[in-house]
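Here are some comments on the model you sent, set out as numbered points. They begin with a local detail and then widen to the whole chain.

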Amino acid sequence: MFDFVKRLMSCGKKTLKLVVDGKPIVQDRPRFTKKGGRVYQKKKCIDQKAEIRATAEREMASQGFARAEKQMPVIFSICFYKELPQSRPKWWRLAAKFGLIAPIGRNGDIDNLVKLAQDALNGIVFDDDCQICDVHAYSRYSENPRTEII
C-alpha cells in the first residue's frame with residue numbers, strides 16, 4: 001500500500017499546460033434526429049474538441065508528457081478567456097480587462113465549458129474523466145479569447 005501512495009505522490013509533480021486560441025465553446029446537449037433517433041452534436045462542438053485534442057497531442061509530445069495512469073488522480077485547472085463585448089462603454093471594457101468584472105449571464109455555463117474540455121482530453125491526457133479529483137475553473141474577459149488548461 002505504501003508503494004502505491006509513494007508512486008501517486010511522485011506522479012503528481014508533472015504539469016501539462018495547454019493554450020487553445022479562439023472563443024471558448026459550450027458543450028451542448030445531445031441532439032436527436034426525428035427519424036431513427038440518432039444522436040449528434042453541433043459542428044462547432046466537434047471542431048472545438050478536435051482543436052483541444054490536437055493541441056494536447058502536440059504539447060504532450062513537446063513537453064515529454066505521457067498519459068496519466070488509470071489509478072492516478074488528476075487535478076484539472078482551466079481558465080476561459082472570453083471576448084470583451086464591443087457594445088459596452090470604454091470604462092466597462094477596461095474594468096473587465098483587469099478582472100474587476102466577470103463574464104456572467106448569457107456567455108454559457110462554466111460547467112458546460114469544462115465538460116467540453118474534459119471530454120476532448122479523454123483518452124489523450126488521462127484514460128477517463130473519472131480520474132479527475134479536483135476541478136478549478138475560472139472565466140474572465142480578455143482581448144485575446146482563449147482557453148488555458150493546466
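**Notes on the predicted model**

1. Gly99, which comes just after helix H3, takes a positive phi of about 85 degrees. The coordinates are those of a predicted model, and this backbone angle should be read with that in mind.

2. Helix H3 itself spans residues 90-97, and within this helix Trp92, Ala95 and Ala96 are buried. These three residues lie on the same side of H3, because the arc they cover around the axis is only 100 degrees. Lys90 and Trp91, by contrast, are exposed on the other side of H3.

3. Which strand is included in what covers the buried residues of H3? Strand E5, formed by residues 132-142, is part of that cover.

4. As for the overall architecture, the protein contains four helices and six strands, and from the N terminus on these elements follow the order α-β-β-β-α-β-α-α-β-β. Among contacts between residues at least 6 apart in sequence, 81% join residues that are at least 24 apart.

5. The C-alpha trace spans about 60 × 50 × 25 Å along its principal axes, and of the 150 residues in the protein, 34% are buried. The protein exposes about 10,000 Å², of which carbon and sulfur atoms supply 54%.

6. On electrostatics, the side chains comprise 28 positive and 18 negative ones, and the centres of these two sets lie 6 Å apart.

Note on methods. Residues numbered from 1 in each chain as written. Predicted model: local features only at pLDDT ≥ 70, side-chain atom pairs only at ≥ 80, totals over all residues. Heavy atoms only, no water. Buried < 20%, exposed > 50% of the residue type's maximum accessible area, 1.4 Å probe, protein only. Helix = DSSP H or I, 4+ residues; strand = E, 2+ residues; numbered from the N terminus. Arc of directions from axis to C-beta. Contact = heavy atoms within 4.5 Å. Areas by Shrake-Rupley, 256 points an atom, 1.4 Å probe, with all protein chains shown as cover. Lys, Arg positive; Asp, Glu negative; His and termini not counted. Charge placed at Lys NZ, Arg CZ, Asp CG, Glu CD.
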